[in-house]
Number of protein chains: 2
Amino acid sequence: MEPVYPQPLVMVDTALFTIRDERLCLILARRKEPPFEGLLALPGGFVHAQEDADTEAAARRVIRGKIGFDAPYLEQLFTFSGAARDPRGWSVSVVYYALIPWSLLEGNPSAEVFPVDALPPLPFDHGQIVAKAVERLRGKATYSSLPAFLLSAEFTMNDLHRIYEQTIGARLDKASFRHKILGQDIIEEMPNRFRTGAHRPAQLYRLSSKALTAFERKI
Amino acid sequence: MEPVYPQPLVMVDTALFTIRDERLCLILARRKEPPFEGLLALPGGFVHAQEDADTEAAARRVIRGKIGFDAPYLEQLFTFSGAARDPRGWSVSVVYYALIPWSLLEGNPSAEVFPVDALPPLPFDHGQIVAKAVERLRGKATYSSLPAFLLSAEFTMNDLHRIYEQTIGARLDKASFRHKILGQDIIEEMPNRFRTGAHRPAQLYRLSSKALTAFERKI
DNA sequence: AAATGTTATTTGCAAAAAACAAATAAGTCT
DNA sequence: AGACTTATTTGTTTTTTGCAAATAACATTT
């Protein structure tokens, strides 16, 4: 029952977001093989029949290969396809995007981390892919706890506020933000834990179990 | 530079939504070949290297084959993959969903149109696919002009109101709905055009160019 | 022609949410 | 102790929403 048609190449690519120095960034990989050998591109690879249960497993494998561990948040973005997008021929690329706290990436060669508004020219259709990934991230940020996955497990209200502003790319009122977030039950106070610094200490929060389970189900 | 790995089967499936008798429905197709020959399933097929520029073109081809014309609204939903989802083996299915006004479908064998909450058992992983498609449609309905594509080009405010209620599956206040919709500039009055009936005539509207272009860009 | 029935559309008001501006709180540092 | 800085709360205004009722417009009946 095999199809009589030639089949396209099937690959996965990944858009790995992080926030470094208050700016939304992407992690790129230098290509080790042709085509476009030596250029920076989105980390990706073919789907392996043997190792990958599905494309999401393939994406996880690619991400582990790039950063050494699993991304706290991973979601399928879109599938790009066509005869022209890859010089090797007709191909289908299932693209995933992931959010990774910069704190987990310290020590990574920062040469491969670029602000999304200052990326080098990208090969294939990776420019379009990035545009779509940023659009999706911005869209979801406004009505979900998604941006919190760019922070480490403990964070202050101000950290969260800043992260939302950076991913959305707009100013948000402090008092309203606080009120809205607390009303959604997506974060919870860590009792008696504060971030202490030069001035008034800030309450530490963590994602609530509600937020965590909601996102395992990929709301 | 061909990959050394075996490649999965690549296909497209479609979730074709319409509203008939005030209920959100899906159009199914009776399978003409094994596996699951004779059962109702989502319309789909393999991607043809010769005919299809990309998976979206393949989806359009499948849809034309099923209903005879192009759907007013078509969007990629998600890509499902795995070794177990199709008995023919490892496969990747790029799924699209479409919105089709029932008025364009009159005469279609209604035996193949089922309310989404009363579908027959579906083969493959089509049950999951439907669940995801309904979820996406409902999600987008609340903040976009999407449901309007289930209506024909001219509609009254009440038509629109009813369609939103049916896709979202909840009651919406008449006055608030009207106010909100008009504030978004997604529809515009058709000057001096009314739907006349037994009682007070209703203003006819159409989608604004803003809404149309927004959705060509797949917001 | 006037009254009636029915659907369409507008209006008014109370409640809730959001935006804006400022005050208060809680530490460190001098 | 007082200045300084960041965190958090409070109050006020503006905007949106929810709900209920009034008004408008026509066809049909009286």
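## Loops, helices and two DNA strands

Reader: Where is the place of Pro35(A) in chain A?
Author: Bear in mind that we're looking at a predicted model. Pro35(A) isn't in a strand here; the place of Pro35(A) is in the loop between strand 3 (29–30) and strand 4 (40–41) of chain A.

Reader: And the peptide bond from Pro34(A) to Pro35(A): is it cis or trans, and what is omega near?
Author: That peptide bond, leading into the loop residue Pro35(A), is cis. Omega there is near -5 degrees.

Reader: What about chain B, where does Pro35(B) lie and what is omega near for the bond from Pro34(B)?
Author: Pro35(B) lies in the loop between strand 3 (29–30) and strand 4 (40–41) of chain B. The bond from Pro34(B) to Pro35(B) is cis, with omega near -5 degrees.

Reader: How much should I trust chain A, and what ipTM does the complex get?
Author: Chain A averages a pLDDT of 91, and 96% of its residues score at least 70. For the complex, the predictor gives a pTM of 0.92 and an ipTM of 0.90.

Reader: How do helix 3 and helix 4 of chain A sit relative to each other, roughly parallel or roughly perpendicular?
Author: Helix 3 (residues 157–168) and helix 4 (residues 174–183) of chain A have axes 11 Å apart and pack at about 100 degrees. Angles of 65 to 115 degrees count as roughly perpendicular. So helix 3 of chain A, set against helix 4 of chain A, is roughly perpendicular.

Reader: Into which classes do the residues of that contact of helix 3 with helix 4 of chain A divide?
Author: Helix 3 of chain A brings Met157(A), Asn158(A), Leu160(A), His161(A) and Tyr164(A). Helix 4 of chain A answers with Lys174(A), Phe177(A), Arg178(A), Ile181(A) and Leu182(A). By class, the contact has six nonpolar, two polar and two charged residues.

Reader: On to the DNA: which element gives the most to the surface near DNA strand C?
Author: 18 residues surround DNA strand C, with Ala198(A), Arg200(A), Asn158(B), Arg178(B) and Gln203(B) the closest. Sugar and phosphate make up 70% of the atoms of DNA strand C within 4 Å of the protein. With three residues, the element giving the most to that surface is helix 4 of chain A.

Reader: How far is a base nitrogen of DNA strand C from an N or O atom in the side chain of Ser176(A)?
Author: DNA strand C has sugar contacts as well: a backbone N or O atom of Ala198(A) lies 2.4 Å from a sugar or linking oxygen, and a side-chain N or O atom of Arg178(B) is 2.8 Å from one. For Ser176(A), the partner is a base nitrogen of DNA strand C, and the distance is 3.2 Å.

Reader: Which element gives the most to the surface near DNA strand D?
Author: Around DNA strand D there are 18 residues, the closest being Asn158(A), Arg178(A), Gln203(A), Ala198(B) and Arg200(B). Sugar and phosphate account for 69% of the atoms of DNA strand D within 4 Å of the protein. The element that gives the most, with three residues, is helix 4 of chain B.

Reader: How far is a base nitrogen of DNA strand D from an N or O atom in the side chain of Arg200(B)?
Author: Chain A takes part too: a polar side-chain atom of Arg200(A) lies 2.9 Å from a base nitrogen, and a backbone N or O atom of Gln203(A) lies 2.8 Å from a phosphate oxygen of DNA strand D. For Arg200(B), the distance to a base nitrogen is 2.8 Å.

Methods:
Residues are numbered from 1 along each chain as its sequence is written. Chains are lettered from A and ligands numbered from 1 in the order in which they are written. This is a predicted model: local features need pLDDT of at least 70, side-chain atom pairs count only at pLDDT 80 or more; totals for chains, interfaces and linings use all residues. Side-chain values use heavy atoms; hydrogens and water are left out. pLDDT is the predictor's confidence in each residue, from 0 to 100. Axes are lines fitted to C-alpha atoms, for helices over the stretch in contact, and angles run from 0 to 180 degrees between N-to-C directions. Helices (H or I, at least four residues) and strands (E, at least two) are DSSP runs, numbered from the N terminus. Angles under 35 degrees count as roughly parallel, over 145 as roughly antiparallel, 65 to 115 as roughly perpendicular and the rest as oblique. Contact means heavy atoms within 4.5 Å. Ala, Val, Leu, Ile, Met, Phe, Trp, Tyr, Cys and Pro count as nonpolar, Asp, Glu, Lys and Arg as charged, and the others, Gly among them, as polar. A residue is near a molecule or strand if one of its heavy atoms lies within 4 Å of it. A polar contact is a pair of N or O atoms within 3.5 Å; within protein, one must be able to donate a hydrogen and the other to accept it, and residues adjacent in sequence count only if both atoms are side-chain atoms.
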